Amino acid sequence: MMDYTKEIERLQKAQSQAAAEQRETAEFFADAPSDMHIDDTPASSDLSDDADYDVPQALKPEVMATMRKGVSIGLLIIAAILLWYAWSGVDDAWDGYYLRPFQAMFVLVPLIMVLALLGLRQMVLQKLQSLQNGSSASIDDIKQRITSTLGWLPKTIMALALVSFGLMFLLPRGLPVGQWLGLAQPIEADATIAGVTIEAATDAVAMDAVKQGDGSVAPNAPKRVGEPTTLLEAVEDGNTEVVKKLIAQGKNVNVDYPAGHPSAGLTLLHAAVGDEDNTLDIMRALIKAGVKVDAPSTSGSFEGFTPLHAAIFGDHSEAVKLLLSSGARMDAADKSGWQALHYGGFHSAVESLPLLIAAAKLQKVPIDVPAADSNGETALMKAAERSFLRGITLLMNAGASLNLVDANDQSAVDYAKRFNHHQAVKLLCMLDKNIVQKNLGANNKQPRPARGC
């Protein structure tokens, strides 16, 4: 038989132990804070949406707002810089008629980059907002979207570069966009009308101010009705008597022709230059009244052009004498760095060049003075370029050297050869040989030929 006594004792012992454990638990919670409680929900439910560890510290709302603002402003600044760069290249890409493909690429590429940046900015701001709101977006996701968005940009730039290079070789002048828009085609400087280049014709018109004879500034202008009332008008008409009368009245002789006038930027002395008696008389009257002998022109085409240059231009030897005797400087240069000797060599000033060489020696101006802003050309190079044989002889006898070169390593002989002036080449080399032989004197050494001979 089963021993009920022992089983009853075991059950009683178990009940006593359970009662003791319950008392201990009750005593523990009796001593605990009043707001403490036991959460019976499963462990997995502890990850609530608003728990602090759901959003990383770097992505909290205030930090996210700063990040979004920084990205937005930074991308807008970069876009503004690219827009400025594109705008600065518009003048090089478009001349009002032709669109130059290569230069246009430096305008189009920054504009494409601006569009890409604006799209990228919108996408990044949206992703950061989603990340802040606790969506499944991540920083790695944003990086991936940026890479995919900008992936097409290098390929587009490369394609544009290849197309622009191809068009540059096919259409050196550029795309005639003006023709498609119905605009007037510009006249080119090297275009010819009746065998005369536009540039040469423009220079001839600008030099109406130094027309030999009547001192007229605008010879094609209609004759003035009545007596001139200003010095500008009197000199323009070549009216010696009125010029002297107005000077006696105290009129200012140091004035320029105003903007809009055919001789704008030139002085009264420029306009008076000539070899005729009336023009020389006007020049003397102006010089006596205190006109600035070396006053340069402010005209765009002839900036720095002095009255002496004007006299050499027309080979007005008497005017050259008068100006030099009145203190005109041989070293006065125009905007291209040309001085009086350069004008004498280039314009074949047969009568004036001997006067200029003598004045250069007196004023200690070198015969081989280089043109400061025109590749360092010398007067001998300009004479050789024009096949001015008399000028070549005068300059070389005065000490001009054949061994000097310009900024492009070209000598006077090279200038003559470039324009197929065979007589000039022969004369240059012959004179150089004779001069070297003369300097050797009794020495029978064979003279060393000059550069290019």
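The following exchange concerns helix packing and salt bridges in a predicted model. Local features need pLDDT of at least 70 and side-chain atom pairs count only at pLDDT 80 or more, while totals for chains, interfaces and linings use all residues. Residues are numbered from 1 along each chain as its sequence is written, and side-chain values use heavy atoms, with hydrogens and water left out.

Colleague: At what angle do helix α10 and helix α12 pack?

Modeller: Helices here are DSSP runs (H or I, at least four residues), numbered from the N terminus; α10 covers residues 240–248 and α12 residues 277–288. Axes are lines fitted to C-alpha atoms over the stretch in contact, and angles run from 0 to 180 degrees between N-to-C directions. The two helices are therefore roughly parallel (under 35 degrees). Their axes lie 9 Å apart, at an angle of about 10°.

Colleague: Which residue of α12 does Arg284 meet in a salt bridge?

Modeller: A salt bridge requires a side-chain nitrogen of Lys or Arg within 4 Å of a carboxyl oxygen of Asp or Glu. Arg284 is partly exposed, at 43% relative accessible area (partly exposed lies between buried, under 20%, and exposed, over 50%, with a 1.4 Å probe and protein chains only). The partner is three residues away in α12, about one helical turn. At 3.1 Å, N to O, that partner is Asp281.

Colleague: Is Lys382, which pairs with Glu385, buried or exposed?

Modeller: The side chains of Lys382 and Glu385 meet at 2.8 Å, N to O, and a network of salt bridges links both with Glu377. Glu385 has 16% relative accessibility and counts as buried. At 4%, Lys382 likewise counts as buried.

How values were computed. Angles under 35 degrees count as roughly parallel, over 145 as roughly antiparallel, 65 to 115 as roughly perpendicular and the rest as oblique.
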